[in-house]
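Trainee: I have a structure open and would like to go through it with you, ligand surroundings before anything else. Could you take my questions as they come?

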Amino acid sequence: MRAPADDAPRFEALFGRPSRVRVRAPGRVNLIGEHTDYNGGFVLPMAIPQQTEVELAPREDRKVRAFSANLGAAGKVDEYELGQEKRGRGWLDYVQGVTYVLREAGLTVGGFDLWLRSDVPLGSGLSSSAALEVALLRGLREAFGLTLDDVRIALLGQKVECDFVGAPVGVMDQMASSLAHGSAALFLDTRSLQFERVPLPAGVEPIVINSGVTHSHSGGDYRVRRAECERAAKLLGVEQLRDLPDQDLPRALALPEPLGRRVRHVLTENARVLATVQALRSGDLAALGPLLYASHASQRDDYEVSVPEIDLLVDLARSEPDVLGARLTGGGFGGSVVMLARTGSGAAAAARIATRYDKQATHRATVLVPQSTPAP
Ligand code: ADP
Ligand code: MG
C-alpha cells in the first residue's frame, strides 16, 4: 500500500480524458526543531527529492473523483460530492479536507477528477500528508484560478489536518512543503511565520534513512505530547512555551512529572535550532554534530518520542567517522532519521548503516537521501 504501484492506471485511462493541470509538492525532512512548532518555536526543515504528484481536471458537476497510485494497481476511484465532506474515509479525508477548508475560507472550486502518486513514504515522518495537501492546493489554485500565496496554502493545509482529519499538527510540515526548495534549509519562526532560507555549507550533505516503522499522528501519542505542553504552559502562566524564558526552567522542572521534562525539551530544542542556524551560517561543521545528537537524546529521554529502531539507527551513525551527527526527524514513534555527513561520503555511509540495521532490526531500512546508493 505504501510505494506507488508502477502498473497503476494513469489519469487518462481512469477518467477517459487528459488531465488539465499537473503539479508537485515535496516531502520534507526536519534538520532540527522537533515538537517546537505547536509551541510557537523555531524549526529548520528542508525539502527532500521525493514528491507527491497531482493531476486533475475540472468537472461540470460538483463531484470529486479521486485515485491514488499508492493504493496499488487494484486501487479504486473514490468519490464524494462537494459540500458533503464527511470524515472517516481514510486517505480520502485529506482530499475532502482540502475542499472543506477552501469552502470555509470562502474560496470556490467546482468538481474535479484527481489522480495522485507519491514517492514520499507514507507515515514515515517525512510528511507525505503535507505533500498531498500542498500539491492538491497548488493544483486547485491553477485549475480554478484561486488567489492563494504559498504561505496561505501552507496554513490551509494545516487546517485540513487540524479541522478535518483530526490530527492537531503544527505548521512546520506544510510550510516546508510549500516554501522549501533546493538544498537550503527553511529557518522558520512558527509564531510570526517569518522565514529565511539557510544554505548548507559546501562541506556537509544530509542523509535520510527510513526505519520502516510507521507512525500515525492522528493516533494518541502526538496528541498527548501536545496536550502536555499546553497544560505546562497554563500552569506556568504563559500563552505558549515559546514565551517561557530559559531562566524559568527550574520552575518548569518543579511541575508534576513528566511536564518538566517536556518543557525542557522544548526550551533546549529551540536554542539548538538557533545554534544550528548560526553554525550553518558560519560554516562551523564541528558544532553541528553535537547539536543533532543532543536533540536526539532530548527527544528520547525528555520528550519520549523515540523507539528502539530509531535509536539503533542513531547509534549506528556514531560509528561512521564521516557522519557528523544524527537524530530522529518528524513527530516520532517510528519514522526516519536525519544525519549530516561530510560531502561526498553520505551515500556510502548511509548504505553501511542500512545494511547493519537490516541485520539487527526486524524492520528494513530505506535510504532516501542521498538518492542513489552505491554498494558499501
Ligand atoms: P506522514 O505525513 O509523516 O507521511 P501522516 O500520518 O501525517 O504521515 O500522513 C499519512 C497519511 O496521508 C496516509 O496514511 C494517507 O492517509 C495519506 N496520504 C499521504 N500521501 C498519500 C498518497 N500519495 N496516497 C494516498 N494517501 C496518502
Ligand atoms: Mg503528516
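Trainee: Which element gives the largest share of the shell around ligand 1?
Mentor: That is α3, which supplies 3 residues of the shell; please keep in mind throughout that this is a predicted model. Both β6 (112–118) and α3 (128–144) contribute at least two residues each to the shell around ligand 1.

Trainee: How many residues surround ligand 1, and which are the closest?
Mentor: There are 17 residues around ligand 1, and the closest are Ser68, Gly123, Ser128, Ser129 and His215. Sorted by class, the shell holds 7 nonpolar and 10 polar residues, with no charged residues in it.

Trainee: What lies 2.6 Å from a nitrogen atom of the ligand?
Mentor: A polar side-chain atom of serine 68 is found at that distance from a nitrogen atom of ligand 1. Oxygen atoms of ligand 1 have partners as well: a backbone N or O atom of glycine 123 lies 2.8 Å from an oxygen atom of the ligand, and a polar side-chain atom of serine 129 lies 3.0 Å from an oxygen atom of the ligand. Taken alone, ligand 1 exposes 570 Å², of which the protein buries 91%.

Trainee: Back to β6, then. How many of its residues are buried?
Mentor: In β6, 6 of the 7 residues are buried, so the strand is largely enclosed by the rest of the structure. Strand β3 (residues 45–58) pairs with β6 in the antiparallel sense over 7 bridges, and there proline 58 has phenylalanine 112 of β6 as its bridge partner. Strand β4 (residues 63–68) runs parallel to β6 and is joined to it by 5 bridges, with phenylalanine 67 standing opposite tryptophan 115 in β6.

Trainee: And β11, is that one enclosed or open?
Mentor: Strand β11 (residues 336–342) is largely enclosed by the rest of the structure, because 6 of its 7 residues are buried. Strand β9 (residues 204–210) runs antiparallel to β11 and is joined to it by 7 bridges; asparagine 210, for instance, stands opposite serine 336 in β11. Strand β10 (residues 323–329) also pairs with β11 in the antiparallel sense, over 6 bridges, and here arginine 327 has valine 338 in β11 as its bridge partner.

Trainee: What does glycine 330 do in the hairpin of β10 and β11?
Mentor: Glycine 330 takes a positive phi near 90° in that hairpin, which has 6 residues between the strands.

Trainee: Which residues of α10 are buried?
Mentor: They are Glu309, Ile310, Asp311, Leu312, Leu313, Val314, Leu316 and Ala317. That makes 8 of the 11 residues of helix α10 (residues 308–318), so this helix is largely enclosed by the rest of the structure. The elements covering those buried residues include β9, α9 (285–302), β10, β11 and α11 (346–360).

Trainee: Different topic: what is the strand order in the open sheet of 3 strands?
Mentor: The order is β2-β7-β8, with antiparallel pairing. The edges are β2 (42–43) and β8 (195–199), each with a single partner strand, so one side of each is left without a neighbour in the sheet. Strand β7 (residues 184–189) and β8 run antiparallel and are joined by 5 bridges, and leucine 186 has arginine 197 in β8 as its bridge partner.

Trainee: I also want to check the backbone geometry. Where is omega near 0°?
Mentor: The peptide bond from glutamate 257 to proline 258 is cis, with omega near 0°, and proline 258 lies in the loop between α7 (249–253) and α8 (259–282). Valine 369 and proline 370 are likewise joined by a cis peptide bond, where omega is about -5°; proline 370 belongs to the segment after β12 (366–369).

Trainee: What is phi at histidine 35, and is that residue buried or exposed?
Mentor: Histidine 35 has a positive phi of about 60° although it is not a glycine, and it lies in the loop between β1 (21–30) and β2. Its relative accessibility is 4%, so histidine 35 counts as buried, the cut-off for that class being under 20%.

Trainee: And glutamate 304, where is that found?
Mentor: Glutamate 304 is in the loop between α9 and α10. Its phi is near 50°, a positive value in a residue other than glycine, and with a relative accessible area of 34% glutamate 304 is partly exposed.

Note on methods. Residues numbered from 1 in each chain as written. Chains lettered and ligands numbered in written order. Predicted model: local features only at pLDDT ≥ 70, side-chain atom pairs only at ≥ 80, totals over all residues. Heavy atoms only, no water. Buried < 20%, exposed > 50% of the residue type's maximum accessible area, 1.4 Å probe, protein only. Helix = DSSP H or I, 4+ residues; strand = E, 2+ residues; numbered from the N terminus. Pairing = 2+ DSSP bridges. Near = heavy atom within 4 Å. Polar contact = N/O pair within 3.5 Å; in protein donor to acceptor, adjacent residues only side chain to side chain. Areas by Shrake-Rupley, 256 points an atom, 1.4 Å probe, with all protein chains shown as cover. Nonpolar A, V, L, I, M, F, W, Y, C, P; charged D, E, K, R; others polar. Contact = heavy atoms within 4.5 Å.
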